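This briefing goes through the strand pairing, the charged pairs and the aromatic contacts of one protein chain. Please keep the sequence and the coordinates at hand while reading.

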Amino acid sequence: MQPNAVLFDIGNVFVEWNPRFLYQKLIDDADELDRFLAEVVTLDWHSEHDRGRPFAEGVADLSSQFPEYQDLIQAYDTRWEETLGGVIQGSVDVMMELLERGIRVYGLTNFSAEKWPAFCRNHDFTDMFEGVVVSGEEGLIKPDPRIYHTAIARFHLDPEATVYIDDRRENVLAAEQLDMIGHQFTAPGVLRDAFEKIGMLR
């Protein structure tokens with residue numbers, strides 16, 4: 001079956017994201033920076049905001065556990081946009097090529113519902129998606145299969161005719177378990193080659 005739709009992750013596929021981008025401005029000592037990111041502002045803590053937890057609640061809770069880092073923890077909310085790096089323009093270009101060929105393009109992202117509207121205002125490429133499922137609005141995060149089912153139902157996707165793109169292997173595997181065609185993103189050129197191999201681009 002010829003694929004006719006693509007479901008894209010967004011962070012680290014279209015825009016670089018890493019809390020280190022922010023905290024390397026605030027913590028000079030490299031060892032202290034590594035420890036802070038490993039033990040205080042962790043990926044697990046961040047992921048709860050992607051699941052729908054309000055930033056104010058998350059910041060207050062973590063600050064009570066680490067009062068010595070209260071200002072740094074607060075910065076995760078007030079300076080969140082500084083956790084973003086540059087747009088990965090090659091990925092945007094690939095998406096535009098797909099759209100020019102009549103391929104339907106959607107998003108499925110682990111993203112805070114609070115931060116999503118400002119992100120869209122600042123990144124015009126988000127207007128190109130026919131629709132985006134945002135984890136913070138659903139109360140579910142990848143790789144929970146339920147959020148993939150949400151996208152499939154909402155966008156009327158045929159999983160066997162849908163390509164799923166994500167930088168995290170566990171999220172790609174979850175899509176493949178639902179019969180989607182998975183691709184782990186590493187670079188725009190590799191992504192374009194993958195679309196060429198399955199006949200979606202020439």
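In what order do the 5 strands of the open sheet lie, and is their pairing parallel or antiparallel? The order is S5-S4-S1-S6-S7, and the strands of this open sheet pair in the parallel sense. The model is a predicted one, and the points below add salt bridges and ring pairs to this picture of the sheet.

**The sheet**

- Strand S5, residues 132-134, and strand S7, residues 181-184, form the edges of the sheet, each of them pairing on one side only.
- From one strand to the next, the twist averages 20°.
- Strand S4, which covers residues 104-109, pairs with S5 in the parallel sense over 3 bridges, and within this pairing Gly107 has Val132 in S5 as its bridge partner.

**Salt bridges**

- Across the whole structure, 17 salt bridges are found.
- Lys115 and Asp77 form a salt bridge in which the closest N and O atoms are 2.7 Å apart. Because Lys115 lies in the loop between S4 and helix H7 (116-122), whereas Asp77 belongs to helix H5 (residues 70-78), the pair ties together parts that are 38 residues apart in sequence.
- Both partners of this salt bridge, Lys115 and Asp77, are buried. Lys115 also lies over the face of Phe55, at 4.6 Å from the ring centre.
- Glu196 and Arg192 form a salt bridge with their closest N and O atoms 2.1 Å apart, and both residues lie in helix H11 (residues 188-197), where they are 4 residues apart, about one turn of the helix.
- Glu196 has a relative accessibility of 34% and therefore counts as partly exposed.
- Asp9, Lys142 and Asp166 are joined into one network by salt bridges that share partners.
- The side chains of Glu57 and Arg53 meet in a further salt bridge, at 3.0 Å from N to O, and Glu57 is partly exposed, its relative accessible area being 43%.

**Aromatic pairs**

- A pair of aromatic rings is described by the distance of the centres and the angle of the planes.
- The structure holds 16 aromatic pairs, one of which is formed by Phe8 and Phe14 in an edge-to-face arrangement, with 5.0 Å from centre to centre and 70° between the planes.
- Phe8 and Phe14 are both buried.
- Why is the pair of Tyr106 and Phe155 stacked? The ring centres of Tyr106 and Phe155 are 4.4 Å apart and their planes are at 15°, so the pair counts as stacked, given that the planes need to be under 30 degrees apart for this class.
- Tyr106 lies in strand S4, while Phe155 lies in the loop between helix H9 (145-154) and strand S6 (162-166), so that the pair ties together parts that are 49 residues apart in sequence.
- Tyr106 counts as buried because its relative accessibility is 4%, and Phe155 is likewise buried, with a relative accessible area of 9%.
- Ring pairs also link a cluster made up of Phe8, Phe14, Trp80, Phe111, Trp116, Phe119, Phe125 and Phe129.

**Points of contact between the topics**

- Strand S4 pairs with edge strand S5 over 3 bridges, and the same strand S4 carries Tyr106 of the stacked pair described above.
- Lys115, whose loop lies between S4 and helix H7, takes part in the salt bridge with Asp77 and sits over the ring face of Phe55.

Notes: Residues numbered from 1 in each chain as written. Predicted model: local features only at pLDDT ≥ 70, side-chain atom pairs only at ≥ 80, totals over all residues. Heavy atoms only, no water. Pairing = 2+ DSSP bridges. Helix = DSSP H or I, 4+ residues; strand = E, 2+ residues; numbered from the N terminus. Axes fitted to C-alpha atoms, helices over the stretch in contact; angles between N-to-C directions. Salt bridge = Lys/Arg side-chain N within 4 Å of Asp/Glu carboxyl O. Buried < 20%, exposed > 50% of the residue type's maximum accessible area, 1.4 Å probe, protein only. Phe/Tyr/Trp six-rings, centres within 6.5 Å; stacked < 30°, edge-to-face > 60°. Lys NZ or Arg CZ within 6 Å of the ring centre and 35° of its normal.
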